[in-house]
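Here is my note on the model you asked me to look over. Please read it with the sequence and the structure open beside you.

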Amino acid sequence: MREELSRRRFVTTSSAALAASAVQPVLGANGRLRVGWIGAGSRGYHCIDQMQKSSKDLVEVTWVCDTFQGHLSRAKDRVQTSWGNTPKTTVDFREVLADPNVDVVFIATPEHLHYSMAMAAIKAHKHIYLEKPIGHTLQEGAEIVKAAEKSGKVVQIGTQNRSNKLYIQAKKMYEDGMLGEVHYVRAFWYRNFDPSAAVPAAWRYVIPAGASESNSDWDRFLGPASKRPWDIKRYYQWRNYWDYSSGISTDLLVHQTDAANFVLNRDVPNTCMASGGIYMWGSDKGDDREVPDTLSALYEYPNKFHLNYSCYFGNDYFGYGEQFLGSDGLLEVLDRQRLNFVPQKFGGKPVKGRQEAHMHYLKDFNQPDATADHIRNFLEAVQGKAKAIAPARAGQLAAIPGHMATESYKRRKMITWDAKNERFA
Ligand SMILES: NC(=O)c1ccc[n+]([C@@H]2O[C@H](COP(=O)([O-])OP(=O)(O)OC[C@H]3O[C@@H](n4cnc5c(N)ncnc54)[C@H](O)[C@@H]3O)[C@@H](O)[C@H]2O)c1
């Protein structure tokens, strides 16, 4: 019952945000939304590609901003090839925001820059697609939600599982009662790394050829983070350092707490107990990473719900998945590509005569990449034709457990959520 209330509260809030955004639909010049693109690294470049695939007709990219010249010119070329126009380029995101002819911005920069960029974009009256996690800290995310909901603009967070048809199907099956009662979810993400490969360890991505201090704007990369001398690893492998990321908690886990929230209409956990460490790499192997490469987190949610999260980079046998353990059946989404439903059996017979079900993202849904649909959903929301599926509040609800895990890992103790004041107790 309380779960249902919580669901209604969530839906109502989302609808309120939609109602606010729907009052100001934007059509842009020639019916196309004018896009300013901020951050065109690995994810940003991929998202430009996905936007071209799903929404070429809806947009015109008028600006590209990146502080690495190589990524800036690569993105400019991509826009020229895909849309035929030459976007303006800059290393200063404020130039993009200052242009009144920009309707929407995409922000795909490192985590520690999300807050300053999103807040400035809201102030500049832009609609925003903001990559996850919504903020680097709990407070940053909370302020973005507040400002976003007040702005009357659409703010969509890049938690694209919500647009993945397998998760939409999982949600429907849960809401139709196929799973029975669900008190327990197992979520995991396991990876491994070949020490002789180009990427020999987690988040030790290949540094772009030719990247150097002269073509990478270090001060702008640091933004609000502590000043320090140029460090190419920090710039291009920022996920390994606390100043710019919280590693597993905010980079990976948020996708999976979001999946649980989305499918089961859940909210924020009451408590989190996390532990882990730097086991695979670390200073003994000449790796100066600060964030753990191994993390487990146990969450207790209100209304009898437990989430068991685990992430490890030393063996990828189990891959990626969320497993919803219902009293009537198990539903799992694996590698974001396969959905399995297996009914519980008592006395050798499936509960309530339920049938097994197996679905595949390509075979059954022809959806190669949910990001394409997630972006289309955002753009249609800006046009007033759809409801944003991942509003800022949903992004924050997914990120809070990540921040709780970081806090618990660092303090080595259980963290309790103070729901009334929306902070750690
Ligand atoms: N939704 C997903 O599945 C998903 C997947 C990967 C990454 N991401 C998110 O996307 C974001 C970017 O990650 P990434 O893997 O592309 O990182 P990246 O390092 O490959 O790219 C970041 C880009 O931002 C640029 N940049 C840095 N400071 C800047 C500034 N002040 N102004 C403009 N540009 C600046 C860098 O030069 C770089 O090109 C992160 O928030 C990450 O969590 C989301």
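The numbered points below go from the domains to the ligand, then to two helix pairs and two backbone details.

1. The coordinates are those of a predicted model, and the points that follow should be read as a description of that prediction.

2. The domain assignment divides the protein chain into domain 1, made of 2-161 + 371-391, and domain 2, made of 163-367 + 400-424. Between the C-alpha centres of domain 1 and domain 2 the distance is 23 Å, and the contact draws on 27 residues from domain 1 and 35 residues from domain 2.

3. On the side of domain 1 that touches domain 2, the elements giving two or more residues are α1 (2-22), α3 (69-83), α6 (138-151) and α11 (370-382). Of these, α1 gives the most, with five residues. Sorted by class, this side of domain 1 has nine nonpolar, 12 polar and six charged residues.

4. The ligand is surrounded by 26 residues, of which the closest are Gly41, Ser42, Arg43, Phe68 and Glu131. Two elements, α2 (42-55) and α8 (218-222), give two or more residues to this shell, and the largest share, three residues, comes from α2. The shell is made up of nine nonpolar, 10 polar and seven charged residues.

5. Where does the ligand lie with respect to domain 1 and domain 2? Because both domain 1 and domain 2 give residues to the shell around the ligand, the ligand lies between them.

6. Helix α2, which gives three residues to the ligand shell, also packs against α3, with the two axes 11 Å apart and at an angle of about 10 degrees. Since angles under 35 degrees count as roughly parallel, α2 and α3 are therefore roughly parallel to each other. Their contact is formed by Tyr45, Ile48 and Gln52 on the α2 side and by Arg74, Ala75, Arg78 and Ser82 on the α3 side, and these residues divide into three nonpolar, two polar and two charged.

7. A second helix pair is formed by α10 (residues 248-264) and α12 (residues 392-411), whose axes come within 8 Å and cross at roughly 130 degrees. That angle makes α10 oblique to α12, and the crossing of α10 and α12 is right-handed. From α10, the residues Ser249, Thr250, Leu253, Val254, Thr257, Asp258 and Asn261 meet Ala394, Leu397, Ala398, Ala399, Pro401, Gly402, Ala405 and Thr406 of α12. By class, the contact of α10 with α12 comprises eight nonpolar, six polar and one charged residue.

8. Which form does the peptide bond from lysine 132 to proline 133 take, cis or trans? The bond is cis, with omega near -10 degrees, and proline 133 is placed in the loop between β5 (127-130) and α6. Helix α6 is also among the elements that give two or more residues to the side of domain 1 that touches domain 2.

9. Arginine 336 deserves a look at the backbone level, as its phi is near 55 degrees, a positive value in a residue other than glycine. The loop that holds arginine 336 runs between β12 (329-334) and β13 (338-343).

Technical notes: Residues are numbered from 1 along each chain as its sequence is written. This is a predicted model: local features need pLDDT of at least 70, side-chain atom pairs count only at pLDDT 80 or more; totals for chains, interfaces and linings use all residues. Axes are lines fitted to C-alpha atoms, for helices over the stretch in contact, and angles run from 0 to 180 degrees between N-to-C directions. Helices (H or I, at least four residues) and strands (E, at least two) are DSSP runs, numbered from the N terminus. Angles under 35 degrees count as roughly parallel, over 145 as roughly antiparallel, 65 to 115 as roughly perpendicular and the rest as oblique. A crossing is left-handed if the near helix is turned anticlockwise from the far one by less than a right angle, and right-handed if clockwise. Two residues are in contact if their C-beta atoms, placed from the backbone, lie within 7 Å. Ala, Val, Leu, Ile, Met, Phe, Trp, Tyr, Cys and Pro count as nonpolar, Asp, Glu, Lys and Arg as charged, and the others, Gly among them, as polar. A residue is near a molecule or strand if its C-beta atom, placed from the backbone, lies within 6 Å of it. Domain bounds come from an automatic or database domain assignment.
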